[in-house]
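Here are a few exercises to work through with the model open beside you. Try each task before reading its solution.

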Amino acid sequence: MKKAFKGLGTDEYRIIKLLTTHDNAQRQDIKLYYNTAFGADLVNDLKSEIAGNFEDLAVALLVPADEYDARCLHSAVATMGTNEDWLIEILCARTKDEIEKINAAYKQLYSHDLSEDIEKETSGILQRVLLSVSTGARDQTKGDDVDDELAQMDARELYDAGEGKNAGTDDEMFNLIFALRSWAHLRAVFEHYKKLSDKDIEESIMNEFSLNAKKAFLAIAKYAKDPTRYFAERLRKALKEDMLDLFDLNSDADDSLIRLVVSHSETDLLTVKGRYRELYGERLEDTVTEECSGDYRKLLLKILSPDTA
């Protein structure tokens with residue numbers, strides 16, 4: 001890394017190679033040894049050498065996973081105009097263990113609880129959903145242990161709270177079931193719900209809720225049904241829909257793309273890539289090549305396909 005910064009110009013190829021041939025734990029060691037050997041901060045030195053989306057992606061790779069999620073959440077509430085999409089995407093699609101680690105990292109970084117910022121920056125149904133999922137209280141029951149009788153009861157409760165209700169929607173019942181039940185249990189609930197109402201749960205959510213509350217419940221429903229499809233769709237949106245909106249000055253397309261790729265790079269990115277190809281008939285790498293450019297594109301492609309030259 002030090003050699004990459006020396007001389008005339010910066011050796012971007014060396015930076016890309018070093019960042020993508022080591023996992024996150026190893027990158028933390030590199031960062032520590034760099035700081036010790038040279039009496040300088042690797043992240044600061046990196047920022048002084050590169051810029052733009054390439055810089056943002058490279059720096060993101062040098063942040064521990066839990067801290068990275070915590071920083072993204074803080075960015076979502078600290079910027080002018082809360083980024084509800086980021087809050088929903090991160091908090092509504094994490095496991096109990098991941099939520100607990102994120103909360104601990106957030107408290108260590110910012111000296112107060114994540115829930116305090118959620119309360120300050122959001123309101124209404126969305127606030128209740130986000131506060132519920134951010135507690136990390138979701139049940140962890142696996143598929144083989146799902147209580148089918150309870151799943152049927154929950155399906156009935158959801159139906160009575162929405163489609164079967166004469167007027168209005170009991171959002172508290174939706175929140176209770178969506179935020180606390182295990183992912184396997186929710187899948188069983190949605191299957192029973194469709195038999196009961198003759199509608200898919202997503203269609204009912206579209207009918208019963210609006211704006212950010214709708215986004216939150218849809219995110220939970222989609223993730224529960226098929227996590228890889230959910231993230232493949234999020235990647236598609238970041239690459240195609242958001243990047244096409246040239247007149248949206250608040251577009252966070254590249255930030256979303258970076259967050260998604262970094263968050264999944266050492267977990268399920270290979271599976272998400274396969275799902276992306278099934279859904280859209282093209283490789284994720286090809287879409288990135290089409291929509292991105294420069295060293296930013298090179299680094300993205302190397303993360304997506306580490307074995308390529």
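**Exercise 1.** Is Cys 292 buried or exposed, and what is its relative accessible area?

*Solution.* A quick note before we start: this is a predicted model, where local features need pLDDT of at least 70, side-chain atom pairs count only at pLDDT 80 or more, and totals for chains, interfaces and linings use all residues. Residues are numbered from 1 along each chain as its sequence is written, and side-chain values use heavy atoms, with hydrogens and water left out.

Step one is the cut-off: buried means under 20% relative accessible area, exposed over 50%, and partly exposed in between, with a 1.4 Å probe and protein chains only. Step two is the value: Cys 292 has a relative accessible area of 6%, so it is buried.

**Exercise 2.** Find how many disulfides the whole structure has, then work out why Cys 72 is not bonded to Cys 92.

*Solution.* A disulfide is a pair of cysteine sulfur atoms within 2.5 Å. The search of the whole structure comes back with zero. For Cys 72, the closest cysteine sulfur is in Cys 92, and because it sits 15 Å away, that's too far for a bond. Cys 292 has its closest cysteine sulfur in Cys 72, at 17 Å, again too far for a bond. Cys 72 counts as buried too, at 7% relative accessibility.

**Exercise 3.** Describe how helices H2 and H20 pack.

*Solution.* First, the elements: helices (H or I, at least four residues) are DSSP runs, numbered from the N terminus. H2 covers residues 12-20 and H20 residues 294-304. Next, the geometry: axes are lines fitted to C-alpha atoms, for helices over the stretch in contact, and angles run from 0 to 180 degrees between N-to-C directions. Here the angle is about 25°, with the axes 10 Å apart. Angles under 35 degrees count as roughly parallel, so H2 and H20 are roughly parallel to each other.

Then the handedness: a crossing is right-handed if the near helix is turned clockwise from the far one by less than a right angle, left-handed if anticlockwise. H2 passes H20 in a right-handed crossing. Contact (heavy atoms within 4.5 Å) is made by Glu 12, Ile 16 and Thr 20 of H2 and by residues of H20 including Leu 299 and Ile 303.

**Exercise 4.** Place Ser 134 in its surroundings.

*Solution.* Start with the chain: Ser 134 is in the loop between helix H10 (124-133) and helix H11 (148-161). Now accessibility: with a relative accessible area of 6%, Ser 134 is buried. Its touching residues, leaving out those up to four places away in sequence, are Leu 91, Ile 99, Asn 103, Leu 114 and Ile 118. Finally, a polar atom of the Ser 134 side chain lies 3.0 Å from the backbone oxygen of Leu 131.

**Exercise 5.** Which residues of helix H12 are buried, and what do they pack against?

*Solution.* The list reads Asp 171, Met 173, Phe 174, Asn 175, Ile 177, Phe 178 and Ala 179. That is seven of the ten residues of H12 (residues 171-180), so H12 is largely enclosed by the rest of the structure. The partners of these buried residues are H10, H11, helix H13 (183-197), helix H14 (201-208) and helix H15 (211-225).

How values were computed. Helix = DSSP H or I, 4+ residues; strand = E, 2+ residues; numbered from the N terminus. Polar contact = N/O pair within 3.5 Å; in protein donor to acceptor, adjacent residues only side chain to side chain. Parallel < 35°, antiparallel > 145°, perpendicular 65-115°, else oblique.
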